[in-house]
Amino acid sequence: MSVGLPRRKRPVRRRSATVTLAGLVAAAAMGTASLVSCGTDGGGNNASPSPTPTAPDTASFSGTPPSALSSLGASVKESARAAASAAASSASAAASAFEASVSADVERANAAAEKQLRNARGQGNAMSDVALTGKPRSETGGVLALVVNITNSTDKTASYAVQVDFRDPDGKVVETRFVGAEKLKPGEKAQPLAISRKPPEPQLTAEVVRAQRY
């Protein structure tokens, strides 16, 4: 009786299975890397999308917001007001500078004239001795100045007090100036100035409203 040799068991092909499993793992890893790469493409910008802005709840507001037209109108009015104020300041400064060239004696006579006219009745007693003439603005630095021509028509030495009113285009008195001339001999003339401190616009007119001889 012969004894046969035992048959060798065939080795299990684990190698191919191992290789196959390793291939699947590698493929999965590459797939993950590909997804990560796609998600980080574009210079690394991983910013999440911005939320959509929502309109404010106007029900909680109070009042009515100004319209563009009303805002523009307010701006124009403010600009006009500033321009008018600047013009008035400029005119006053120019008048002051021009008056500074007038002698102290003339200023004293003007102050005396205002005092005298406080007690004058009506238009005074010397309206016929006074007349106005214009003075070129080129000689006054743009200031409105009028020459008050005073002539002593009596045969005695006399002093004069004159009131000049400036009126706007509507006839309203907007400024009053007083001028005087002291101790004029018979037939002697004086030409003091009545100077307005108002801006050039609107144009004003002037008139002698009272003249007193004393």
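A residue is called buried under 20% relative accessible area, exposed over 50% and partly exposed in between, with a 1.4 Å probe and protein chains only. By this scale Arg213, at 23% relative accessibility, counts as partly exposed.

The structure is a predicted model, in which local features need pLDDT of at least 70, side-chain atom pairs count only at pLDDT 80 or more, and totals for chains, interfaces and linings use all residues. Residues are numbered from 1 along each chain as its sequence is written, and side-chain values use heavy atoms, with hydrogens and water left out.

Confidence was examined next. pLDDT is the predictor's confidence in each residue, from 0 to 100. The chain has a mean pLDDT of 75. A value of 70 or more is reached by 54% of its residues. Residues 1-6 stay under 50. They make 0 contacts (heavy atoms within 4.5 Å) beyond four places in sequence. Residues 15-29 are also below 50, and this stretch has 0 contacts beyond near neighbours in sequence. Where pLDDT is low, the predicted coordinates should not be read in detail.

The structure holds 4 salt bridges. Each is a side-chain nitrogen of Lys or Arg within 4 Å of a carboxyl oxygen of Asp or Glu. Side chains of opposite charge can pair when their charged atoms come close. One of the bridges joins Arg213 to Asp129, with the closest N and O atoms 2.8 Å apart. It links distant parts of the chain, 84 residues apart. Arg213 is in strand S7 (residues 205-213), and Asp129 is in the loop between helix H3 (104-117) and strand S1 (130-134). Helices (H or I, at least four residues) and strands (E, at least two) are DSSP runs, numbered from the N terminus. Asp129 is buried, at 6% relative accessible area.

Strand S7 also supplies Glu207, which bridges to Arg167 in strand S3 (residues 158-167). The closest N and O atoms of this pair are 2.7 Å apart. The two residues are 40 apart in sequence. Glu207 is partly exposed at 32%, and Arg167 is partly exposed at 24%. A further bridge pairs Lys135 with Glu139, at 3.3 Å between the closest N and O atoms. Lys135 is partly exposed, at 27%. Glu139 is partly exposed, at 48%.

Leu204 lies in the loop between strand S6 (193-195) and S7. Leu204 is buried, with a relative accessible area of 16%. Its C-alpha is 5.4 Å from that of Arg167, although the two are 37 residues apart in sequence. Beyond neighbours within four places in sequence, Leu204 contacts residues including Leu144, Phe166, Arg167 and Val174.
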